[in-house]
Amino acid sequence: MKNDVSYPSVMSRKNETLRRSVGIDYQEFEISPIAFDYEGLMNCCGYSLPDVQKIQTETGVGNTPLVELKNITELVRSISAPGKGGCIFIKDEKACPSGSFKDRRASLSVYHAARLGYKGVVAATSGNYGAAVASQAAKYGLKAIILQEVYDSHKVGQPEILEKTRACEAYGAEVWQLTVGPELFYIMLRILEETGFFSTSLYIPTSVLGIETLGYELAQQVMEREGRFPDMVVIAHAGGGNVTGTARGLQKAGSRKTMVVGASVDLRGLHMASDYDFNRKSFTTAHSGFGMPFLTWPDRTDVPRNVARGLRYLDRYVLVSQGEVFYATELLAKLEGLERGPAGNTSLAAAIPLAQELDRDQLLVVQETEYTAAGKLPSSQLTFAEENGVEVRRGDPKDNVPGRVIVIPERVEQIRVEDFDLDEIRRSYVRRTIETTGVPQPKEEDILFMAEDSRSSVEFIRKTLSSLDIETPA
Amino acid sequence: MSKEPVKNAFRGDLVQVHKVILTPEQRPEDIPACTKSVPYEAWIKGFLLDDEARIGDTVRIETFIGRQLAGTLVEVNPMYTHHFGKPQPALLSAGMEAKKRIKRGRAGHEE
């Protein structure tokens, strides 16, 4: 390859490189600079839900147990108002081949890459997704390159990500351990150019279709067991794929009245591209540093149009603190005998206060767990936090300060969720859409698209646009 | 780095190489100052293709998927250094308390 590999040059070839590496011509689905055919793009690879189930079953992905958390439910009921305290279930996604629901996302994309004749796959991810892609690539005999943001400039690595490096290497991937910076995207483009591999982006249709089976399965499992669909499903929210895929799967199962709640760990105030802030986080995924920006501007990703669009599906979006998630992780181990990774327990922490709002006969599903290992468990992550100057203590989690203090609750009653006003997020979404597309006056089709994309109404979008002094068609 | 004892690596040894991907000047402008002030770096593992090399030499490696790359030799078969950490008293006591609460609740006592 004789291409100029300087930063500006590689970035200028972005669209061409991405088109070649995902096998999708996004142009086909564009309606206007604002609007695109979402369902058309989603279905462009031609996989139905039964197709996905069949493909996943062949590599042992999915069909994970649904476990009733009887003791945690009992604890929650003991602090709930009379008649309150919904029954909590957890979907034990740790049972997937590489230990997390990310196998569902990787399985369909890697299958698709193999079917299209690509020799290898590339993923830029510091999370469980890397191990999932590497594991699936091993099964299909493809080569895998995983790019991870691991170290700060002193080569101090996040323990959770160092474990992912080990796991990816165990599955036979070539791993690039990188320092902090958004140039992860640049190096990904460079490697895609060099290798001609498939980009297993988290935001392509196959990645989100792969998660639909999770929502579908859990709805069916609850129906089989309890004779009804769940009342609430709590889903860890980062880039939006988990919420999008699970909610779509619930709908396909007929579980249309289920309330879909997204939960993120509160890391507000820490900059995601800061070399200094990097090691003052104890969570490297499912946090607000991804959650908020992706809701207000989903197309900020490594593909022209992101199909993971959380705002289309969320009924509610809540934040929990790091200390609350560690506490929930401890409860899951001590009361239910399930030792699982903390990041996967973000939704469990949120479920504790949320179940208190439900009636006793209502059902709540915590939609995932993840594997645990050295580096990704409370003891290693809290030890690391202390080594990096973060104070860890018992107390009221309202005193939690991201990057400075992690407060482990003193009592289960102290676990709360902070609700994010979805209308506020919707207004930011409209503002960002106008800013990033530079469209001075949205047309009728744009307004319709934004209403659908933010799950609001034409009136809401018109009102928001007029508050921004933007004219709308009569 | 220069104080470290010089180790030799031989063809076929599993090694780690280092690369500077972008110098601070080459990094984009729109990133935090603390990030912009340092280079963008990478570390990759693979099997040494040179017959013999010393730490600090520019070498070629074959990665786990058979690709060949060049970089500065930094270590021979580096240890995975992440660990289980120290047991956390704050959490362990929280778990014990929750267990006791359930027990008390079952015995019909008031909280």
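**How chain B meets chain A**

Hi everyone, let's start with the interface: 37 residues of chain B are in contact with 54 residues of chain A. Please keep in mind that this is a predicted model.

Which elements of chain B each supply at least two residues of the side that touches chain A? They are β2 (14-22), α1 (33-36), β3 (40-48) and α2 (89-106). The largest share comes from α2(B), with 9 residues. As for chemistry, the side of chain B that touches chain A divides into 21 nonpolar, 9 polar and 7 charged residues.

Let me take two of those elements in turn, the strand and then the helix. On the strand side, β3(B) pairs with β5 of chain A, residues 174-179. The pairing is antiparallel and runs over 3 bridges. If you'd like a spot to look at on your screens, find W176(A), which stands opposite I44(B) in β3(B).

Now the helix. α2(B) packs with α5(A) at an angle of about 70°, and their axes are 10 Å apart. That makes the two helices, α5(A) and α2(B), roughly perpendicular. Who meets whom here? From α5(A) we have N71(A), E74(A), L75(A) and S78(A), and facing them from α2(B) are A98(B), R101(B), I102(B) and G105(B). This contact is a mixed one: 3 nonpolar, 3 polar and 2 charged residues.

Let's stay with α5(A), residues 70-79, and turn to a partner within chain A. That partner is helix α13, residues 322-336. The axes of α5(A) and α13(A) come within 8 Å and cross at roughly 115°, so this pair is roughly perpendicular too. Here α5(A) contributes N71(A), I72(A) and L75(A), while α13(A) contributes L331(A), L335(A) and E336(A). By type, the residues of this contact are 4 nonpolar, 1 polar and 1 charged. Notice that N71(A) and L75(A) take part in the contact with α13(A) and also in the one with α2(B).

Finally, let's step back to chain A as a whole. How is chain A divided into domains? Domain 1 covers 7-51 + 101-205, domain 2 covers 58-99 + 207-420, and domain 3 covers 428-467. The centres of domains 2 and 3 of chain A, taken over C-alpha atoms, are separated by 30 Å. Where these two domains touch, 6 residues of domain 2 are in contact with 7 residues of domain 3. On the domain 2 side, those residues divide into 3 nonpolar, 1 polar and 2 charged.

That's my tour, thanks for listening!

Definitions and conventions. Residues numbered from 1 in each chain as written. Chains lettered and ligands numbered in written order. Predicted model: local features only at pLDDT ≥ 70, side-chain atom pairs only at ≥ 80, totals over all residues. Helix = DSSP H or I, 4+ residues; strand = E, 2+ residues; numbered from the N terminus. Nonpolar A, V, L, I, M, F, W, Y, C, P; charged D, E, K, R; others polar. Pairing = 2+ DSSP bridges. Domains from an automatic or database assignment. Axes fitted to C-alpha atoms, helices over the stretch in contact; angles between N-to-C directions. Parallel < 35°, antiparallel > 145°, perpendicular 65-115°, else oblique.
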